[in-house]
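Colleague: Got a minute? I'd like to go through this structure with you.
Modeller: Sure, let me put it up.

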Amino acid sequence: MSVKKYIGDAWKGAASLLKGMRRTGYYFTHHKEIITQQYPDNRNELDLPERFKGEVVMPHNENNEHRCTGCQVCELVCPNGSIKVIFKNDLMPDGKKKKAIDKLVYHLDMCTMCNLCVENCPSDAIKMAQTFEHSVFDRNKLKKVLNKPDSKIMDGVE
Amino acid sequence: MYRETEIIKDFSTDGNGDMIINVGPQHPATHGVLHLVITLNGETIKKIEPHLGYIHRSIEKMCESLTFRQFIYVTSRMDYLSAHINNHACVLCVEQGMEVEIPPRAQVIRVLMDELTRIASHELWWGAMAMDLGAFTPFFHAFREREAINDIMEETCGARLTMNYNVPGGVVNDLHPNFQKRVKEFLELYKRKVHEYDELLTENVIFINRMKGVGVLSAADAISYGCSGPVARGSGVSCDVRKIYPYEIYDQLAFDEVLETDGDSLARYKVRVKEMNQSIKIIEQLIDNIPEGDFVAKTKNVLKLPKGEYYQRVETARGELGVYIISEGSTMPYRIKFRSPGFSNLSVLDKIARGGKIADLIAMMGTLDLVIPDIDR
């Protein structure tokens, strides 16, 4: 009896191993069902969804104008302090001084892409970009100024 | 931390050929910086001491300096495999104090995302545990289905793992227009491929022999160590928070609490595999019945919780997660405490591994489904 059981167990064991091997062999012969992507080679075809949170950017129009009023909501709401707004005084044509943003400094190395700044921005000045390859050789390169040089605030944005 | 002198002391007291072996903090089988100091007699385990603290980021203390809207994102980094469920627990706890009615659409979206996260987490566990046991193929099969879920998350929430999709009062964005179509595609894919799991692992004779009778945890021990989730349910302890303390719309849904009574590694394995099917069942009930309406309730810009204590428990993929907030009436929590499932589940490792063989330790650790950042926080 025990010899019979031993042979039976061995037979069942071999059958179960072959069952798994058959599944592996199936994919070996059916190349079309393999879904692996060759990542660095398919960089151009990568299609990331528009909601993907890659990094914070500030869109500018063709006249080098942005929508940021410098209200500092993004700076207040950021949990890690990755955004810092620096002000300057613009001289208006009528001689008065007007406060405007000089630099909106964004520390990508501290950012956790929680999207709170974009959610809370009252004038839609910043948004999330779909880039994700952020590695650089120097840490200082992760400190970014979001507004372009000599950019101005768009007319009609308060 | 284990000091050098203690190790020498242990050596000197035994004097009968015991060996102390360190598994981790960097070890491919521990999935994170878990450090186990194992006392061995030959191949038999005499004692296991887990040493924690390698990935302690003081998340509880960090949360005390963040407002009630800000602290939710930090909790994604605790149990990163069920990040959405962690966020869910926190917003539920904050909403207790806000006294705001959550729109039904937001509730359904949250539950749908919870169950998708649960399946993704169990898929990763399934693949990673098989890889620890030496089978490399199941890993890729599990990641194929998990990738489909991650794509759904990416499209609707904007991130694959740390979603940060919950806000007090609802969710951040409405569902993506493609959401229902993509989820139905995933359900179809899962049902077409789920038999491969049985073929590759559940019916494999080597796998069964390595799991059966290994790391037996009795129901009494499971209760006394505070185990929860699939670890306790594998020992026959009914502890599903979704059934016992229903939150959101779980009391209106038809699903079973999976229970196994053997208490060994194979039972815990079976619980998780069957739980995936139950999650599929929940998603099928909800996916065609998402109510119309708002996805977020109107809340005040500056959130202040009234003075008091709030506690909320949810069922994550690993067990019961509790969030305890004490508010002094300001915009930040005065004290916050997380009851993480991983910590209690790890504490039982010494109990179940004593007297076993060191080769079986990987099977036991695999079925406990430890996520180290959740244990250390």
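**Chain A and its contact with chain B**

Modeller: Reading along the sequence, chain A runs α-β-β-α-β-β-α-β-β-β. Keep in mind that this is a predicted model.

Colleague: OK, so how many helices and strands does chain A have?
Modeller: Chain A has 3 helices and 7 strands.

Colleague: And why is chain A more spread out than a compact globule?
Modeller: The radius of gyration tells you: chain A comes out at 28 Å, while the globule rule gives 15 Å for 158 residues, so chain A is more spread out than a compact globule. Its C-alpha trace spans about 105 × 30 × 30 Å along the principal axes.

Colleague: How is chain A divided into domains?
Modeller: Domain 1 covers 2-36 and domain 2 covers 55-153. The C-alpha centres of these two domains of chain A are 58 Å apart.

Colleague: What share of chain A is buried?
Modeller: Buried residues are 17% of the 158 in chain A.

Colleague: Switching topic: how many residues does each chain put into the contact?
Modeller: Chain A puts in 20 residues and chain B puts in 18 residues.

Colleague: Which elements of chain A give two or more residues there?
Modeller: Those are helix 1 (2-29) and helix 3 (116-120) of chain A. Helix 1 gives the most to the side of chain A that touches chain B, with 8 residues.

Colleague: What classes of residue are on that side of chain A?
Modeller: The side touching chain B has 8 nonpolar, 6 polar and 6 charged residues.

Notes:
Residues are numbered from 1 along each chain as its sequence is written. Chains are lettered from A and ligands numbered from 1 in the order in which they are written. This is a predicted model: local features need pLDDT of at least 70, side-chain atom pairs count only at pLDDT 80 or more; totals for chains, interfaces and linings use all residues. Domain bounds come from an automatic or database domain assignment. Two residues are in contact if their C-beta atoms, placed from the backbone, lie within 7 Å. Helices (H or I, at least four residues) and strands (E, at least two) are DSSP runs, numbered from the N terminus. Ala, Val, Leu, Ile, Met, Phe, Trp, Tyr, Cys and Pro count as nonpolar, Asp, Glu, Lys and Arg as charged, and the others, Gly among them, as polar. The radius of gyration is taken over C-alpha atoms; the globule rule is 2.2 Å times the number of residues to the power 0.38. A residue is buried if 20 or more other C-beta atoms lie within 10 Å of its own, exposed if 12 or fewer, and partly exposed in between; C-beta atoms are placed from the backbone.
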